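Here is a short tour of a protein model, meant to be read with the structure open beside it. Let us start with charged pairs and work towards the overall fold.

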Amino acid sequence: MKDYFCPKMESGDINEISMLGLAHIGDGVYELLTRTMLCAGGNKKVTDLHKKTVAIVNAPAQAEAAERLLPVITEQEAYIYKRGRNTKVNSVPHKADIAQYHAATGLEALFGWLYLQGKTQRINELYAICVGDSDGA
């Protein structure tokens with residue numbers, strides 16, 4: 001049976017996925033990490049969890065997170081981030097400018113790329129930097 005939770009795909013198969021496809025996957029990964037972090041922080045009302053998730057998983061916040069990551073990512077990770085960032089998008093959310101949205105797309109593409117390779121430890125390291133968790137980095 002295929003492992004959809006942790007696929008560990010081959011590079012050739014991952015390379016066939018578009019940058020927006022990687023960003024689509026990475027968006028889900030980033031949101032799941034955020035929801036997990038918030039729930040692990042203690043019992044909270046679901047409306048509070050949702051508000052905090054939305055505050056972390058949005059283009060402006062992800063653009064800021066990407067800025068924190070740039071000094072620590074590898075050359076190959078930077079290549080994926082830049083390809084995702086430079087991908088043509090068809091729309092931009094009204095609460096973000098185009099630069100923020102492109103940066104967020106790059107971040108999501110990077111997380112999707114890492115996820116498909118099964119690099120969960122690296123995802124955790126980078127996510128800790130994204131959310132400013134000095135204990136996790």
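A salt bridge here is a side-chain nitrogen of Lys or Arg within 4 Å of a carboxyl oxygen of Asp or Glu. By that rule, the structure holds three salt bridges. Before we visit them, a word on the basis of it all: this is a predicted model, in which local features need pLDDT of at least 70 and side-chain atom pairs count only at pLDDT 80 or more, while totals for chains, interfaces and linings use all residues. Residues are numbered from 1 along each chain as its sequence is written, and side-chain values use heavy atoms, with hydrogens and water left out.

**Charged pairs**

The table lists the salt bridges with their N to O distances.

| Pair | Closest N and O atoms | Location |
|---|---|---|
| E31 and R35 | 2.7 Å | both in helix α2 |
| E77 and R122 | 2.8 Å | helix α5 and helix α7 |
| E125 and R122 | 3.0 Å | both in helix α7 |

Helices in this text are DSSP runs (H or I, at least four residues), as strands are (E, at least two), numbered from the N terminus. For exposure, buried means under 20% relative accessible area, exposed over 50%, and partly exposed in between, with a 1.4 Å probe and protein chains only.

Within α2, E31 and R35 sit four residues apart, about one turn of the helix. E31 is partly exposed, with a relative accessible area of 24%, and R35 is partly exposed as well, at 43%.

What does the bridge between E77 and R122 tie together? The side chains of these two residues meet at 2.8 Å, N to O. E77 belongs to helix α5 and R122 to helix α7, so this pair ties together parts that are 45 residues apart in sequence. Both E77 and R122 are buried. R122 also pairs with E125, which lies three residues away in α7, about one turn of the helix. E125 counts as partly exposed, at 30% relative accessibility. Through shared partners, the salt bridges join E77, R122 and E125 into one network.

**Aromatic pairs**

Rings of Phe, Tyr and Trp (its six-membered ring) pair if their centres lie within 6.5 Å; planes under 30 degrees apart count as stacked, over 60 as edge-to-face and the rest as tilted. A search of the whole structure finds two such aromatic pairs. In one of them, Y30 meets F111 edge-to-face, at 5.3 Å centre to centre and with 90 degrees between the planes. Y30 lies in helix α2 (residues 19-40) and F111 in helix α6 (residues 98-117), so the pair ties together parts that are 81 residues apart in sequence. Both Y30 and F111 are buried.

Y30 also forms an edge-to-face pair with Y127, again with 5.3 Å centre to centre, and with 75 degrees between the planes. This pair links distant parts of the chain, with Y30 in α2 and Y127 in helix α7 (residues 120-130), 97 residues apart. Y127 is buried, as is Y30. Ring pairs thus link Y30, F111 and Y127 into a cluster.

Y30 has another neighbour to look at, Q62, which lies in helix α4. Q62 counts as buried, at 2% relative accessibility. Not counting residues up to four places away in sequence, Q62 touches Y30, I56, V57, A104, L107 and E108; contact means heavy atoms within 4.5 Å.

**The two sides of α5**

Which residues of helix α5 (residues 75-85) are buried? They are E77, A78, I80, Y81 and G84. They cover an arc of only 160 degrees around the axis, which puts them on the same side of α5; the arc is that of the directions from the helix axis to the C-beta atoms. On the other side of α5, E75 and Q76 are exposed. The cover over the buried residues of α5 includes α2, α4 (59-69), α6 and α7.

**The whole fold**

Stepping back, the protein has seven helices and zero strands. Of its 137 residues, 38% count as buried. Among contacts between residues at least 6 apart in sequence, 68% join residues at least 24 apart. The C-alpha atoms fill a box of roughly 45 × 40 × 30 Å, taken along the principal axes.

One last stop is K8, in the segment before α1 (11-15). Its phi is near 50 degrees, a positive value in a residue other than glycine. K8 is exposed, with a relative accessible area of 55%.
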